[in-house]
Amino acid sequence: MLFLPQTATMRRHLPQLLTLFNVLSGCIAVVFAVLNELHLAATFVIIGIFFDFFDGLAARALNAQSDLGIQLDSLADMITCGLVPGIIMFQLLGMSQTGGWNISEFNPALRDGPLGWDSILPFFGFLITMASAYRLARFNIDEDQVTSFIGLPTPANALLIISFPLILLYQGNDALNELILNSWFLLGVTVLSSFLLNAKIPLFALKFKTWSFKDNALRYIFILVSLVFLMTMKYLAVAAIVIFYILSSVVYKAGARVDQEPTD
């Protein structure tokens, strides 16, 4: 008789446990990002996003959604998908000023000389962290984002940012490396991603209420196209997937709006 209540309690707390593993993954990613081991930081961001996806899936499957879970989920995302991308962009902007991958600590200019543009520029990377915090806080009080999103979700934005050091390490060539380590390019990405996080753009969510193709055609097509991109473009696929995600959402919403308009 005691087994059933204990089992029910464990099932109720399982989604929260998965969310806490997201927190742990984000904390480990922060350490590696600070140490400039960006490939390892990216790995733990991906692990954290994995837990972020399955905690929601588990909560819906076990009917264990709660206000605590919603708040905890956003706090976890703030670390994994808000703070870590900001630090990674900080490091990339620092590299763009020193001309290569090998920099010490955060930024040599902070250690070796007075504050100047070279040492201030990397801090612009934390615009991503600020925009992520604002987006997550707004998401928690926005009742219009239950089954879809308004603005780019923080996990998608995090994947975009962590793809750049992975391209540099595993896929880059002279032209790509020069582009990615260009200060103006990185500043442009920072501003654009900060804007997209809070833009009034309706985007579909990868939340499956049923496995029916009819009810989830857009989601299945998105997953299929994303897999094709990943197999053919490797890490460069991430930017293509984010662009496709935004465009397909906009086109789908526009088509749905036309279908709902009354006809004569």
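Me: What does buried mean here, and what share of the 264 residues in the chain is buried?
Reply: Buried means under 20% relative accessible area, exposed means over 50%, and partly exposed lies in between (1.4 Å probe, protein chains only). This is a predicted model, in which local features need pLDDT of at least 70 and side-chain atom pairs count only at pLDDT 80 or more, while totals for chains, interfaces and linings use all residues. Residues are numbered from 1 along each chain as its sequence is written, and side-chain values use heavy atoms, with hydrogens and water left out. With that settled, the buried share of the chain is 43%.

Me: Thanks! How many helices and strands are there in the chain?
Reply: Helices (H or I, at least four residues) and strands (E, at least two) are DSSP runs, numbered from the N terminus. Starting at that end, the elements run α-α-α-α-α-α-β-α-α-α-β-α-α. The tally is 11 helices and 2 strands.

Me: Which element gives the most residues to the largest nonpolar core?
Reply: A nonpolar core is a set of buried Ala, Val, Leu, Ile, Met, Phe, Trp, Tyr and Cys residues joined through side-chain atoms within 4.5 Å. The largest one here has 44 residues, and I88 and L92 touch the most other members. At least two residues each come from α1 (3-34), α2 (38-61), α3 (67-98), α7, α8 (174-180), α9 (183-198), β2 (202-204) and α11 (237-260). The top contributor, with 9 residues, is α7.

Me: Why is α7 called largely enclosed by the rest of the structure?
Reply: Helix α7 covers residues 154-170, which makes 17 residues. It is largely enclosed because the number of its 17 residues that are buried is 14.

Me: How far apart are the end C-alpha atoms of α7?
Reply: The expected span of a helix is 1.5 Å times one less than its number of residues. For the 17 residues of α7 that gives 24 Å, and the distance in the model agrees. There is still a kink of about 25° at S163, shortly before the proline P165; the bend at a residue is the angle between axes fitted to the seven residues ending there and the seven starting there. The end C-alpha atoms are apart by 24 Å.

Me: Where does α3 bend?
Reply: Its 32 residues should span 46 Å, and its end C-alpha atoms are 46 Å apart, which agrees. Even so, α3 has a bend of about 35°, and the place is M78.

Me: Is T154 buried or exposed?
Reply: T154 sits in helix α7. Contact means heavy atoms within 4.5 Å, and, leaving aside neighbours within four places in sequence, T154 is in contact with D77, C81, S132, R135, L136 and L197. Its relative accessible area is 1%, so T154 is buried.

Me: How many disulfides are there?
Reply: A disulfide is a pair of cysteine sulfur atoms within 2.5 Å. Among the cysteines, C27 is partly exposed at 37% relative accessibility, and C81 is buried at 1%. By the distance rule, the count of disulfides is 0.

Me: Which residue in the loop between α1 and α2 has a positive phi although it is not a glycine?
Reply: The phi in question is about 70°. The residue is buried, because its relative accessible area is 7%. Its name is N36.
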